[in-house]
Amino acid sequence: MGDPENPQLSKDGDIILGGIFSFHRSWINRRDTYMHKPLPLQCISLNFRGFQYAQAMLFAIDEINNSSDLLPGITLGCKIYDSCGSIARGVRASLALINSQETTFKLSDKCTKPAQVQAIMGESSSSPNMAAATVIGPFHIPLISHFATCACLSDKNKYPSFLRTIPSDHYQSRALAQLVKYFGWTWVGAVRSNDDYGNNGMATVIETAEELGICVEYSVAVFRTDPMIKILQIIDIIKSSTSKVIVTFLSPGDLNVLLQEFSQHNLTGYQWVGSEGWIFDSHTAAMDVHHILDGAVGLSIPKAHVTGMKEYILDVKQLNSSSKELECSGHEDLAGVKNTFTDMSLMPIFYNIYKEVYAVAHALHDILSCNNTCNKTILHHIKRIRFKTKEGDEVYFNENGDPPAKYEIINWQPTENGNVEFVPVGLYDASLPADRQLTLTNRTLVWAQNSEQVPVSVCSEKCPPGTRKVLQKGKPVCCYDCLRCADGEISNSTDSISCVRCHSEFWSNERRDACIKKKEEFLSYEEMMGALLTAASLLGTCLTAVVMFIFFRYRRTPIVRANNSELSFLLLFSLTLCFLCSLTFIGRPSGWSCMLRHTAFGITFVLCISCVLGKTMVVLMAFRATLPGSNVMKWFGPAQQRLSVLGFTLIQVFICLLWLTISPPFPFKNIKDFKDRIILECALGSAVGFWAVLGYIGLLAIMLIFCAVWVTFIPAYVSSPGKFSVAVEIFAILSSGFGLLICIFIPKCYIILLKPERNTKRNLMGKEAPTH
């Protein structure tokens, strides 16, 4: 059997509570040969925080014992062990607390009482609590910690009897990542303690950071007992990095090791983001003599005030102690002493210990108050307690044994006397909706090197609107180049990962950050080409009207009466319509204009050609009629000429009606031919109908001028883009019209107006003698 383990501090009572704190920071390492029984662990380097924790526990016990409302008639006692920061020593202390199965009896006692503790106030760090919780878990004795934050301890399968009064790192890790995201830092370094607290906490920070689009340039682990060569390797990694923000999940002892080397290597100007392990630790601030951590931000347990606790802690009295090292006279005055023991910056942690003791007391009170049929296990009741402290704070545990997660956001702001003030600048409440969990006040923050500007820590600058991010090969997602959006695409937000194609009727502006409506293009009256074609159309109309007036004025002259004057007037009328039809091709296309364009022109132009054909056939038949015995003229009289014109025209009318009935032309927005503009044109509807109309015109166009125009029209029409195809069609119409007008009527008008002496029947018959 091993040597008995005696508590460093004890207090008698009806019910005993256990406590395990680190009164020392470290121990002397010995190389055991195992040739003889190992000597007890020799602890070194006093840790005043451990004494403060013990005092906070004793304060709560005394307050409960002096109260008549909670556990009346029953006193609480305690046994407190020193773990020296050793996991093995902490486990040994835990076993000593739960194995005290003997009963004690005093003459002053009315009955015997169990020496076994009912609950243990656990260590400050996560790793010692994990070891202790594994050992005492099967005994269902509650192990409650005030400062162990590792999210792994929420696993009730591994640690069924573990509870805590400090929030789990599950929330703190996510809060740290959200804090980094809030300030726009997307390129950071990570430094953690090489233990369960640091490794698990930082793993969650990195996981959440990646979800938020934050990249971690490096992640290194440090422990206060690491050899110097490893510390220097970490310094070199930080030196060679480009990130300016260091996110930490460190215990104060591990951070202090780094601070010493940072000061020696003049590593300043980094923005520190800290976990609750050190961000509000005044001892760490005092160690930072080179002000490396000035401007740090991080999360801390909300400030707390417990009436009477500060005075109790500083009022050191004679304690029952098995260690001579801890004895005191009881008359010491600490009013003028300034050290870690008199520093009250960790009052929120003291308050957590206070709440632990009260949670156990409330659970015991419930057990004593219930009937014989209720569950008498203290672990069962402590999981279900819900009460308010005298300061008004509600205490309860969730299904994982964790309290509600609330943090203050702390900023290290240097003061005029060279010290550092922990200034609250915001809050984080995990119980609120995600978009309201993190809130910062309007208070001015101080950043690294006393700057008032938020530091910038990015691998690549933000991509402005009009560009998109393109990842750099072989680098994290936060390292990218900004590529300008292609034509017709935009991005209207910063750091866009893709460009969005504009709607088919829109196009990107020059900056590629907005879609603007495409310019609509059509042959209009306002532009030069449209105006010239309109003028040509009106000129043709006027010339035709003038010719018609001349023919009407001289309708009884031989040159007008020859070759069927009715067809001449009908031809002039149809030519007028042809010239006017060209106007339907100019202007914004509409439903009616699209249907009238080709059909009206097709019918009127066929009427023109029919008249020309009628007149031509009359001339041909006239020559045939001069042959002896020929009577062909009786078959080409005025009636037959009218019928031929009507018949040819009705065929075109029939073709146009079929076209309009089956698939008529319609207004169409052409967005394919040009990317940056819309061509407003008339879709053919039925291409067969269109080419049937033109084909019929071509079949009747037997005069060379018409053939030349329309044969040239087809390839020019097909190859001309946009509004120019309309201009080609108008040009073909006008050319045909002017060709008919000039070739047929202008020579006759010349004779009528300028050579009236030739406007005689004899001259027309070719019988007038030539003049000399």
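## A buried helix

A residue counts as buried when its relative accessible area is under 20%. By that cut-off, 8 of the 11 residues of helix α3 are buried, so α3 is largely enclosed by the rest of the structure. The model is predicted.

Which residues of α3 are buried? They are S126, S127, P128, N129, M130, A132, A133 and I136. Their packing partners include two helices, α2 (87–98) and α5 (196–211). Strands β8 (120–121), β9 (143–145) and β10 (162–164) also pack against these buried residues.

## The chain overall

The chain has 772 residues, and 49% of them are buried. Its secondary structure comes to 20 helices and 29 strands. Take the contacts with a separation of 6 or more: 68% of them join residues 24 or more positions apart.

## Nonpolar cores

In soluble globular proteins, nonpolar side chains tend to be buried together. Here the largest nonpolar core has 114 residues. M57, F262 and W272 have the most contacts inside this core. Helix α10 (residues 347–369) supplies the largest share, 14 residues. The core draws at least three residues from domain 1 (9–101 + 113–166 + 306–317 + 334–396), and at least three from domain 2 (169–300 + 405–440).

What does M57 touch, leaving aside its neighbours within four places in sequence? M57 is in contact with L17, G18, G19 and F21. M57 also contacts C78, I80 and M121, along with I353 and V357. The last two fall within the residue range of α10, 347–369.

A second core is separate and has 49 residues. I559, V606, I655 and Y696 are among them.

## The largest pocket

The largest pocket holds about 1,200 Å³ of space. Where does this pocket lie with respect to domain 1 and domain 2? Both domains give residues to its lining, so the pocket lies between them.

The lining has 37 residues. R25, S125, R224, S251 and G253 lie nearest the pocket centre. By class, the lining divides into 19 polar, 11 nonpolar and 7 charged residues.

Several elements each give two or more residues to the lining. One is a strand, β3 (24–27). The helices are α1 (48–65), α3 (126–136), α7 (252–264) and α8 (282–287). Helix α3 thus returns here: largely enclosed by the rest of the structure, α3 also contributes to the pocket lining.

Terms used:
Residues numbered from 1 in each chain as written. Predicted model: local features only at pLDDT ≥ 70, side-chain atom pairs only at ≥ 80, totals over all residues. Heavy atoms only, no water. Core = buried A, V, L, I, M, F, W, Y, C linked by side-chain atoms within 4.5 Å. Buried < 20%, exposed > 50% of the residue type's maximum accessible area, 1.4 Å probe, protein only. Helix = DSSP H or I, 4+ residues; strand = E, 2+ residues; numbered from the N terminus. Domains from an automatic or database assignment. Contact = heavy atoms within 4.5 Å. 1 Å grid on protein atoms, 1.4 Å probe; cavity = no way out; pocket = protein on both sides within 12 Å on 5 of 7 lines; lining within 4 Å. Points joined across faces, edges and corners; volume = space filled by probe spheres on them. Nonpolar A, V, L, I, M, F, W, Y, C, P; charged D, E, K, R; others polar.
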